[in-house]
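Take a moment to look over the sequence and the model shown here. The paragraphs that follow go through it one part at a time.

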2 protein chains.
Amino acid sequence: MKRVELIGVEGLPEIRAGDDLGRLIAGHASLQSGDVIVVAQKVVSKSEGRLVKLASVTAGDEAVRLASGLIANPDPRMVQVVLDESVRVLRSERVLITETRHGYVCANSGVDHSNVGSDTLALLPVDPDASAGRLRSRLAELTGAQVGVIVSDTFGRPWRLGIVNVALGVAGLSGLVDLRGTLDDVGEPLHATVLAVADDIASSAGLVMGKTERTPAVIVRGLELGGTGSGRDLIRPAAEDLFR
Amino acid sequence: MKRVELIGVEGLPEIRAGDDLGRLIAGHASLQSGDVIVVAQKVVSKSEGRLVKLASVTAGDEAVRLASGLIANPDPRMVQVVLDESVRVLRSERVLITETRHGYVCANSGVDHSNVGSDTLALLPVDPDASAGRLRSRLAELTGAQVGVIVSDTFGRPWRLGIVNVALGVAGLSGLVDLRGTLDDVGEPLHATVLAVADDIASSAGLVMGKTERTPAVIVRGLELGGTGSGRDLIRPAAEDLFR
């Protein structure tokens, strides 16, 4: 009987720029080779110093104009930071949906100020795959365990309400599992069946993480995955995207 | 330390119309009150007889026309069934994205023929919330356990590659958890934070289910959820949807 465990990593201190996140996680968890460690984007961003003080930002005309049309009535300086982090604005009625420099399509370029204070904005890591890779190496160095790492964030979706955890950065496992051509239970080949397994893993960790940082990381144990991949594998190319 | 277990339910026979799915699951699992049981849509549809033989379908002009533009080169009779199950076609280049009568937006109205044979199509349950509710009642009757039930299916998403499990029908738990107004770690109120917990649960079960039916159900244990809700709660109203 297949069994997977989700184990919250708790007791970490408030994370600051320059903190050794790998050492903090390794000190509060008992890792095993084959585990996948899902780490909340916010603590990764904090450890990498990806914070901006609102007071240091000047909003341009476009940011001021866009801010006035949004239902959350955001500070135009926040909108300026969102625009700075984006390469394209998809929607600006009600909410601001952008494509980030990495290629993620999400609200506000992933910029927010939950858990950092209202005078500060947290940005996504510059390269979440690199963040995941560094954390994976550091955990191997400290514990000897060969683990997979996913840097996750919560995104909204078209068509469905509520936010779910998704995988931004991936290291040490395949983000997608392609089952096309394998046989179903009646012996016919499966089609259109590429599983976004890194997103399913991120979502599962979301059940344990919640939205505060008391549980900034979750160990997912028992998956028996392997392979290598990146978070970029999960981004649908714009040319194939019917909704961009 | 918060810990959640995902336990595959295995060993069920091939499901046929009229089968008592509750009895089959109860006979292959040890349920506890507070568990959430995620059941794959396909076995629910089979037990409810939601299968159509392609030979019984006649494709209309619109189905023939649409079929010719789709990359999977589907049988026009399948496209006819997809249209019959839909209230709106959102996209028909490359793939067919429809809104179903229930309000789900997905590929092919959720109609497919994996695990049922190439001459047969499986449709979504008529009312997945009712399916979940009946299964929940039946499991309580047979085992005494008060469980939550989610009927799940795999959907694609705009912007991201691969399919993930989502919750179609929900019984015995809240589909959404609204954290707006609760305080974050720095004592400020969280905003825009409604968690699609039923989708996160469905995704977590997807890690154990895979895409065959050898594991048609998964027990999710340790969530400490409660409340009541429905799968409809997770459908974004068309009027608030920027991508419909």
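In this predicted model, the loop that joins helix 3 (61-68) to helix 4 (76-84) of chain A contains Pro74(A). Leaving aside residues up to four places away in sequence, Pro74(A) touches Ala67(A) and Val79(A). Is Pro74(A) buried or exposed? The count for Pro74(A) is 19 other C-beta atoms within 10 Å, so Pro74(A) is classed as partly exposed; a buried residue needs 20 or more. Pro74(A) can also be placed relative to a residue elsewhere in chain A: Ser203(A) is 129 residues apart from Pro74(A) along the chain, and their C-alpha atoms are separated by 28 Å.

The next topic is a sheet in chain A. Strands pair in a sheet through backbone hydrogen bonds, and the pairing is either parallel or antiparallel. In chain A, three strands form an open sheet in the order 4-5-6, with antiparallel pairing. Strand 4 (86-91) and strand 6 (105-107) of chain A each have a single partner strand, so they stand at the edges and one side of each is left without a neighbour in the sheet. From one strand to the next, the twist averages 35°. Strand 4 of chain A is joined to strand 5 (residues 97-100) of chain A by four bridges, and the two run antiparallel. Within this pair, Arg88(A) of chain A stands opposite Glu99(A) in strand 5.

Chain B offers an example of a covered helix. Helix 4 (residues 76-84) of chain B has nine residues, and seven of them are buried. The buried residues are Arg77(B), Met78(B), Val79(B), Gln80(B), Val81(B), Val82(B) and Leu83(B). Which elements cover them? Among them are helix 3 (61-67) of chain B and four strands of that chain: strand 3 (51-53), strand 4 (86-91), strand 5 (97-100) and strand 7 (120-122).

Strand 1 of chain B is mostly covered as well, with five of its seven residues buried. Within chain B, strand 1 pairs in the antiparallel sense with strand 12 (residues 217-221) over five bridges. One detail of this pairing is that Val218(B) in strand 12 is the bridge partner of Gly8(B). Strand 1 (residues 3-9) of chain B also pairs with strand 1 of chain A, again antiparallel and over five bridges. In this pairing across the chains, Val4(A) has Leu6(B) as its bridge partner, and Arg3(A) stands opposite Ile7(B).

That pairing leads to the contact between the chains, which takes 64 residues from chain A and 64 residues from chain B. On the side of chain A that touches chain B, strand 1 (3-9), strand 9 (164-171), strand 11 (194-195) and helix 6 (197-209) of chain A each supply at least two residues. Helix 6 of chain A gives the most, with eight residues. By class, this side of chain A has 30 nonpolar, 14 polar and 20 charged residues.

How are the two chains arranged? Two copies of a chain are related by a rotation about an axis and a shift along it. Here, a rotation of 180° with 0.0 Å of shift along its axis superposes chain A on chain B, with an RMSD of 0.0 Å. The two copies are therefore related as by a two-fold rotation axis. Of the interface residues of chain A, 100% are also interface residues in chain B, so the copies meet through the same surface.

Conventions
Residues numbered from 1 in each chain as written. Chains lettered and ligands numbered in written order. Predicted model: local features only at pLDDT ≥ 70, side-chain atom pairs only at ≥ 80, totals over all residues. Contact = placed C-beta atoms within 7 Å. Nonpolar A, V, L, I, M, F, W, Y, C, P; charged D, E, K, R; others polar. Pairing = 2+ DSSP bridges. Buried ≥ 20, exposed ≤ 12 C-beta atoms within 10 Å, placed from the backbone. Least-squares fit on C-alpha atoms with pLDDT ≥ 70 in both. Axes fitted to C-alpha atoms, helices over the stretch in contact; angles between N-to-C directions.
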